[in-house]
Amino acid sequence: MSNFFDKLKPSSLFKKKEKQITFEGKAPKHVAFILDGNGRWAKNRSLPRKAGHKAGAETLEKILTACKEAGVHTVTVYAFSTENWKRTDEEVAAIMDLLDAYLDTILKRYEEEDTRARFLGDMSPFSEKIREKIALVEEKSAANSTNVNVCLNYGSRAEICRAFDLLREKGITHATEKDISSVLYTAQTGDPDIIIRTGGEHRLSNFLLWQASYAELYFTDTLWPDFSREELYEIFGKFSKTVRRYGGYDDSSENKSGITSGVTQ
Ligand code: FPP
C-alpha cells in the first residue's frame, strides 16, 4: 500500500483555516483518545466500514497535528483493542492495511515530525512484517521529543495482569502505586490528563483503567471521522478552566495538597 497520509485529502486551504482556531489557557500535557464511530460514520453514508476507518485515519492525522500545535506533549490513542479481533476478517485486514501504511508514514517522517512513537499492547498476534516495522519505528523515533502512544491489541485488564507477572518477576510482593505504574505499558509517558471519547458512548471500554484515576473524561456524540480541531480546542479550553483536586479541596488561600488547575499538574 502506498503512503498512508499521502492518500489523505485535506486541502491546504482547509488546513490554513483550521490553524487559526485557538482556545484560551494551556493545553493538557497528555491527551488520550477513544476513537469511536468510524463504522456508524460509514453506515450513514452507505459506505463499507473500512471507508469509515480510512476516514478515521485521516482524522487521526489532523488531530495529532492539532494536539502538537497546541503544545500537547503526549497523545495516546486506542487504535485496536483486544476485542477488535472479533470483527470480520475483511474489516480487520482493512485496519491492518491502515496500520501498515501509518508505520510507513512514520518511518518517512519521524525526523521532521520529532515524534516518538510507541506501540502499547501485546504485539504477538500481528504479522511478522507489522511487528518488524513497529520495532523499527520505535527504534528510529526513540530520540524524538513529543510522544504518540498507539494502543494495539490493548486491553487494560490484560495490561494489569501482565503488571502482576512483571512485579512477581522483580520479586516485589508489596507493590506501591509507583511500582505498579512502572510496569504498565505507559511507564515512560505517565497518566493522561484527559480522555476524550467520541461516538456517544459513556464508558472506558477497558482503556487505561489504572491510568484514568485522575483524568478528566470528555464524551462527545461526534463520530470520530467528524471530530475536528475546533471541538478539540473547545475541550482544551474547558479543561484549562477545571480545578483538579486529587481528593483534596480547592482553597487558593490555603492550598493543602498541591491541588492544581487542569494544566499545571
Ligand atoms: C472504532 O470505531 C475504531 C476502530 C476499532 C479502529 C480505529 C482505527 C483507525 C482510526 C484507523 C487505523 C489507524 C491506525 C493507526 C491503526 P468503530 O468501528 O467501533 O465504530 P462504530 O462504533 O460506529 O461501529
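Visitor: Which residues does I34 touch, not counting residues up to four places away in sequence?

Guide: A contact is a statement about distance, two residues being in contact if their C-beta atoms, placed from the backbone, lie within 7 Å. By that rule I34 touches Y78, I195, R197, S205 and F207, once residues up to four places away in sequence are left out. Residues are numbered from 1 along each chain as its sequence is written. This is a predicted model, in which local features need pLDDT of at least 70 and side-chain atom pairs count only at pLDDT 80 or more, whereas totals for chains, interfaces and linings use all residues.

Visitor: Is I34 buried or exposed?

Guide: The test counts other C-beta atoms, placed from the backbone, within 10 Å of a residue's own: 20 or more make it buried, 12 or fewer exposed, and anything in between partly exposed. I34 has 24 such atoms within 10 Å, and therefore is buried. The residue lies in strand 1, and although I34 and T76 are 42 residues apart in sequence, their C-alpha atoms are 8.9 Å apart in space.

Visitor: How many helices and strands are there in the protein chain?

Guide: Both are DSSP runs numbered from the N terminus, a helix being H or I over at least four residues and a strand E over at least two. The protein chain has eight helices and eight strands. Of its 265 residues, 35% count as buried, and among contacts with a separation of 6 or more, 75% are between residues 24 or more positions apart.

Visitor: Which way do strand 1 and strand 2 run, parallel or antiparallel?

Guide: Two strands pair if DSSP finds at least two bridges between them. Strand 1 and strand 2 run parallel and are joined by five bridges, with A32 having T76 in strand 2 as its bridge partner. Strand 2 is also joined to strand 4, in parallel, by seven bridges; Y78 stands opposite C151 in strand 4, and S81 opposite Y154 of that strand. On strand 4 there is a further parallel pairing, with strand 3 (residues 115-120), over six bridges, where R118 has N149 as its partner.

Visitor: Why is strand 2 said to be largely enclosed?

Guide: Eight of the eight residues of strand 2 are buried, so the rest of the structure largely encloses this strand. Strand 4, which covers residues 146-154, is mostly covered, with seven of its nine residues buried.

Visitor: What span should helix 3 have, at 1.5 Å a residue?

Guide: The expected span of a helix is 1.5 Å times one less than its number of residues. For the 22 residues of helix 3 that should come to 32 Å, and the end C-alpha atoms are 31 Å apart, which agrees. An α-helix has 3.6 residues a turn, so residues three or four places apart point the same way. The buried residues of helix 3 include G52, A55, G56, T59, L60 and I63, and what covers the buried residues of this helix includes strand 1, helix 2, strand 2, helix 4 and helix 8. After helix 3 comes G71, whose phi is positive, near 100°.

Visitor: Where does D114 lie?

Guide: D114 is in the loop between helix 4 and strand 3, and has a positive phi of about 55° although it is not a glycine. With 13 other C-beta atoms within 10 Å, D114 is partly exposed. A second such residue is S205, whose phi is near 50°; S205 sits in the loop between strand 5 and strand 6 and is partly exposed, with 14 other C-beta atoms within 10 Å.

Visitor: How many residues surround the ligand?

Guide: A residue is taken as near the ligand if its C-beta atom, placed from the backbone, lies within 6 Å of it. There are 19 residues around the ligand, of which the closest are N38, G39, R40, G56 and L99. Helix 2 (38-44), helix 3 (49-70), strand 2 (74-81) and helix 4 (89-113) are the elements that give two or more residues to this shell.

Visitor: Over which residues does pLDDT stay under 50?

Guide: pLDDT is the predictor's confidence in each residue, from 0 to 100. The protein chain averages 89, and 85% of the residues score at least 70. The value stays under 50 over residues 7-17, for which the model has six contacts beyond four places in sequence, and also over residues 253-265, for which the model has 26 such contacts. Where pLDDT is low, the predicted coordinates should not be read in detail.
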